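This briefing goes through the charge pairs, the pocket and the nonpolar core of one chain. Please keep the sequence and the model in view while reading.

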Amino acid sequence: MTDREMAFGAVVDRQGRFLYRVALGLMRNPEDAEDVVQEALLKLFRGEGWREMSDERAFLARVVWRVGLDRIAARRVHMDVTEMEVAATGETVEDAMVGEGERAVLRRLIEGLPEELRRPLVLSAIEEMTSREVGVAMGIPEATVRGRVMRARAELKRRFEAMQRLRAEVAR
């Protein structure tokens, strides 16, 4: 094994789980997240940019993020009518509430946020990235990240409280 391969392996060992969590937050599917991480790592290994990272975590998150966005864009282009029909048959909020705890409902609420709010919230709150790291990963200013995270939390609170009221009404 060459020094280059060993150095890259060390980066993967340090950051692999983190990269998977970033990809999973974006892709929402474990298999797609694994594919995104593998594709990103392959791209990185083929190049030399990874050797000059000033902020390893943010740099790697940005690469995974971009690969994931490219995959999402490609999937949308290739989505056929049958897939759209299946996607349209998702559960209602009321169905999601039946038999689920508040954590599961909260997870569904997070998934239901607009992408511009969900993505920074997932990276910030769930992946525990700093606003600066999220900004680098997403290619947006740090102040924008903070604003979107605040709006996402406010929207989640509003939706969660509305669901709790609905649950109380249904229970009567």
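Buried means under 20% relative accessible area, exposed means over 50%, and partly exposed lies in between. With a relative accessibility of 19%, Asp55 therefore counts as buried. The model is a predicted one. It holds 14 salt bridges, and its largest pocket has a volume of about 440 Å³.

**Salt bridges between distant parts of the chain**

- Arg132 and Asp55 form a salt bridge in which the closest N and O atoms are 2.4 Å apart. This pair links distant parts of the chain, with Arg132 in helix 8 (residues 131-138) and Asp55 in the loop between helix 2 and helix 3, 77 residues apart.
- The two partners fall in separate classes of accessibility: Arg132 is partly exposed at 41%, whereas Asp55 is buried at 19%.
- Leaving aside neighbours within four places in sequence, Asp55 is in contact with Arg132 and Glu133.
- A salt bridge also forms between Glu48 and Arg4, with 2.9 Å between the closest N and O atoms. Because Glu48 lies in the loop between helix 2 (30-46) and helix 3 (56-78) while Arg4 lies in helix 1 (residues 3-27), the pair ties together parts that are 44 residues apart in sequence.
- Glu48 has a relative accessibility of 41%, so it counts as partly exposed.

**A salt bridge within one helix, and a network**

- Glu142 pairs with Arg146 in a salt bridge whose closest N and O atoms are 3.0 Å apart. Both residues lie in helix 9 (residues 142-171), 4 residues apart, which is about one turn of the helix.
- An α-helix has 3.6 residues a turn, so residues three or four places apart point the same way.
- Both partners are partly exposed, Glu142 at 36% relative accessibility and Arg146 at 40%.
- Arg28, Glu115, Arg118 and Arg119 are joined into one network by salt bridges that share partners.
- Within that network, Arg28 is found in the loop between helix 1 and helix 2. Its relative accessibility is 37%, so Arg28 counts as partly exposed.

**Positive phi angles**

- Arg28 has a positive phi of about 65°, although it is not a glycine.
- Glu128, just after helix 7, takes a positive phi of about 60°.

**The largest pocket**

- The lining of the largest pocket consists of 14 residues, and those nearest its centre are Arg107, Ile110, Glu111, Val122 and Ile126.
- Helix 1, helix 6 (102-112) and helix 7 (115-126) are the elements that give two or more residues to this lining. Helix 6 provides the largest share, 5 residues.
- By residue class, the lining divides into 7 charged, 5 nonpolar and 2 polar residues.

**The largest nonpolar core**

- The largest nonpolar core has 42 residues, of which Leu19, Val22, Leu44, Val64, Leu121, Leu123 and Met129 touch the most other members.
- At least two residues of this core come from each of helix 1, helix 2, helix 3, helix 6, helix 7, helix 8 and helix 9. Helix 1 gives the most, with 8 residues.
- Not counting residues up to four places away in sequence, Val64 touches Leu19, Val22, Ala23, Val36 and Ala40.

**Buried residues in helix 7 and helix 8**

- The buried residues in helix 7 include Leu117, Arg118, Arg119, Pro120, Leu121, Val122, Leu123 and Ser124. Two of these, Arg118 and Arg119, belong to the salt-bridge network with Arg28 and Glu115.
- Ala137 has its place in helix 8. With a relative accessible area of 0%, Ala137 is buried.
- Leaving aside neighbours within four places in sequence, Ala137 is in contact with Ala58, Ala61, Arg62, Trp65 and Met129.
- Ala137 and Leu123 are 14 residues apart in sequence, and their C-alpha atoms are 9.1 Å apart in space.

Notes:
Residues are numbered from 1 along each chain as its sequence is written. This is a predicted model: local features need pLDDT of at least 70, side-chain atom pairs count only at pLDDT 80 or more; totals for chains, interfaces and linings use all residues. Side-chain values use heavy atoms; hydrogens and water are left out. A salt bridge is a side-chain nitrogen of Lys or Arg within 4 Å of a carboxyl oxygen of Asp or Glu. Buried means under 20% relative accessible area, exposed over 50%, partly exposed in between (1.4 Å probe, protein chains only). On a 1 Å grid over the protein atoms alone, a cavity is a set of points where a 1.4 Å probe fits but cannot get out, and a pocket is an open set with protein on both sides within 12 Å along at least five of seven lines; lining residues have an atom within 4 Å of a point. Grid points are joined across faces, edges and corners, and a volume is the space filled by probe spheres set on the points. Ala, Val, Leu, Ile, Met, Phe, Trp, Tyr, Cys and Pro count as nonpolar, Asp, Glu, Lys and Arg as charged, and the others, Gly among them, as polar. A nonpolar core is a set of buried Ala, Val, Leu, Ile, Met, Phe, Trp, Tyr and Cys residues joined through side-chain atoms within 4.5 Å. Contact means heavy atoms within 4.5 Å.
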